[in-house]
Amino acid sequence: MRDGTERKVRGALRAAVAAVTVVSAALLLTACDDGTQGSTDAAVRPSPTPDWNPRPASMVSLGDSITRGYDACSLLADCPEVSWATGTKVDSLAQRLLSSPQTSSWNYARTGARMADLPGQMQSAIAHKPQLVTVLLGANDACRKDVSGMTPVDRFRTDFETSVKELRTALPKSQLYVASVPDLMRLWSQGRTNSYAKTIWKLGICPSMLHDSEAQDAAAAGRRAQVEKRVGEYNAVLKDVCRRDKLCRYDGSVHGYGFTGEELSKWDWFHPSKQGQRQLADMAYREITAVRPSA
């Protein structure tokens with residue numbers, strides 16, 4: 001009776017060892033697999049930026065007249081309902097991202113704002129505890145009466161860094177989308193042969209770049225080159241500061257976009273038209289929902 005029991009025990013043990021061996025072999029094969037079989041979804045799909053949420057539940061937009069939809073609907077007036085960021089009459093970023101855009105998005109951009117105004121705008125944004133903050137700012141820092149009036153790069157950096165620090169201190173998990181400063185040199189090149197654009201620019205629109213738009217002499221070319229260089233320096237600051245924050249995405253496509261007159265206001269040939277606002281929304285949406293940032 002005892003011998004029979006021992007034989008049964010030994011048999012059971014041998015079966016258990018064999019089963020463990022099979023399982024172990026299978027696990028080893030899986031561990032050594034090249035990823036084409038037996039891998040999890042997480043292993044085969046590229047992972048997004050750590051902690052980045054492509055579908056935030058709330059957002060606040062900061063900036064200048066571009067984000068206010070200035071001159072997109074009528075002459076010399078804001079038209080926030082067609083803003084690329086929070087507009088309700090265009091397929092805006094808020095309309096695309098949020099389940100309830102009218103109650104979970106806010107626009108604190110202000111026509112005429114410069115980077116020095118961003119810290120104050122950021123405080124208004126923080127009060128809503130948004131999951132996403134968007135910033136499109138800097139054109140007015142370059143668009144001054146003359147090149148000597150452009151915002152110094154170090155001051156531009158200080159104001160932007162202060163704003164990012166305010167956000168990060170108050171809301172460490174909020175995300176930040178930063179659009180590059182638009183290409184003012186392209187703006188001039190697109191309108192310099194348009195009789196209406198040249199006429200309206202004489203009223204004082206971005207004089208550092210657009211004053212005497214027909215002039216081709218060395219002084220005029222040098223002035224425009226200085227503005228272009230300063231815009232490049234501003235964008236370098238935005239990219240650098242954003243790069244050092246894991247929840248910030250800088251979008252260089254706004255500056256790099258090859259816009260035409262169809263995407264500019266028919267009233268001032270400077271601000272985005274409704275079509276231009278939609279294009280800005282397209283670029284922002286692509287960057288915010290991308291698996292990985294473009295920059």
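The buried residues of helix α5 pack against three elements: β1 (59-63), β3 (132-136) and α7 (153-170). The model is predicted. This briefing starts with helix α5, turns to G120 and ends with the whole chain.

**Helix α5**
- Helix α5 spans residues 118-126.
- Its buried residues are L118, P119, Q121, M122, A125 and I126.
- These residues lie on the same side of α5, because they cover an arc of only 160° around the axis.
- The partners of the buried residues of α5 are two strands, β1 and β3, and one helix, α7.

**G120**
- G120 sits in helix α5.
- Is G120 buried, exposed or partly exposed? G120 has a relative accessible area of 46%, so it counts as partly exposed. The cut-offs behind that call are under 20% for buried and over 50% for exposed.
- G120 does not appear among the buried residues of α5, which include its chain neighbours P119 and Q121.
- Y108 is 12 residues away from G120 along the chain. The C-alpha atoms of G120 and Y108 are 9.7 Å apart.

**The whole chain**
- The chain holds 13 helices and 5 strands.
- Of its 295 residues, 45% are buried.
- Take the contacts in the chain with a separation of 6 or more: 72% of them join residues 24 or more positions apart.
- The accessible surface of the chain is about 15,000 Å². Carbon and sulfur atoms contribute 55% of that surface.

How values were computed:
Residues numbered from 1 in each chain as written. Predicted model: local features only at pLDDT ≥ 70, side-chain atom pairs only at ≥ 80, totals over all residues. Heavy atoms only, no water. Buried < 20%, exposed > 50% of the residue type's maximum accessible area, 1.4 Å probe, protein only. Helix = DSSP H or I, 4+ residues; strand = E, 2+ residues; numbered from the N terminus. Arc of directions from axis to C-beta. Contact = heavy atoms within 4.5 Å. Areas by Shrake-Rupley, 256 points an atom, 1.4 Å probe, with all protein chains shown as cover.
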